Amino acid sequence: MLKTFQTLSKCETSFQFTADGYIQPRHEQDQAAITTITKLGLDIPSLRALRRQAIEPFLDDSLSVEEFNLFVQKYLLPLSSGEFNPFWSSIHYLFGAE
């Protein structure tokens, strides 16, 4: 179980996301991240478009800082089913406070 957790933890820190929906290895030379993106098709155009649509509402300039923070906070909470919102990792990477 510990090995699985370590693998998931490393996985989360291996990728970075852009506001226009792209996923990239966090470190340019991370061959495992590059291979994962390629083999799983994580950067295909349709997935990038869906990711971009999930990110778009967070780029609304009309939100106050408080509204924005609350929006991010609520989006990152698990749903009542226990699942996470779509593209949780992208939103967390781009807007989540560490």
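This passage walks through the overall build of the chain, its salt bridges, a charged surface patch and one residue with an uncommon backbone angle.

The model described here is a predicted one. A good place to begin is the overall layout. Five helices and two strands make up the secondary structure of the chain. Followed along the sequence, these elements appear in the order α-β-β-α-α-α-α, with the two strands coming after the opening helix. The chain has 98 residues, of which 24% count as buried. Its exposed area is about 7100 Å², and carbon and sulfur atoms supply 59% of that surface. Contacts across the sequence help to complete this first view: among those between residues at least 6 apart, 40% join residues at least 24 apart.

Attention turns next to the charged side chains. Side chains of opposite charge can pair when their charged atoms come close. In this model the count comes to two salt bridges, and D43 takes part in each of them. One joins the side chains of D43 and R48, with an N to O distance of 3.5 Å. The other joins D43 and R51, at 4.0 Å from N to O. Together, D43, R48 and R51 are linked in a network of salt bridges.

The two arginines of this network can be looked at in turn. R48 is part of helix α3. R48 counts as buried because its relative accessibility is 15%, and the cut-off for buried is under 20%. R51 is buried as well, with a relative accessible area of 3%. Setting aside neighbours within four places in sequence, the contacts of R48 are D20, G21, Y22 and D43. D43 is thus in the contact list of R48 and is also its salt-bridge partner.

Charge also gathers on the surface. D60, D61, E66 and E67 form a patch of negative charge there. One member of the patch, D60, sits in the loop between α3 (45–55) and α4 (65–75). With a relative accessible area of 39%, D60 is partly exposed.

A last point of interest concerns the backbone. Most residues other than glycine have a negative phi. F87, however, has a positive phi, near 60 degrees, although it is not a glycine. This residue is found in the loop between α4 and α5, the latter covering 88–95. F87 is partly exposed, its relative accessible area being 23%.

Key. Residues numbered from 1 in each chain as written. Predicted model: local features only at pLDDT ≥ 70, side-chain atom pairs only at ≥ 80, totals over all residues. Heavy atoms only, no water. Patch = residues over 30% accessible without salt bridge, like charges linked within 9 Å, V, L, I, M, F, W, Y side chains within 5 Å. Areas by Shrake-Rupley, 256 points an atom, 1.4 Å probe, with all protein chains shown as cover. Lys, Arg positive; Asp, Glu negative; His and termini not counted. Charge placed at Lys NZ, Arg CZ, Asp CG, Glu CD. Helix = DSSP H or I, 4+ residues; strand = E, 2+ residues; numbered from the N terminus. Buried < 20%, exposed > 50% of the residue type's maximum accessible area, 1.4 Å probe, protein only. Contact = heavy atoms within 4.5 Å.
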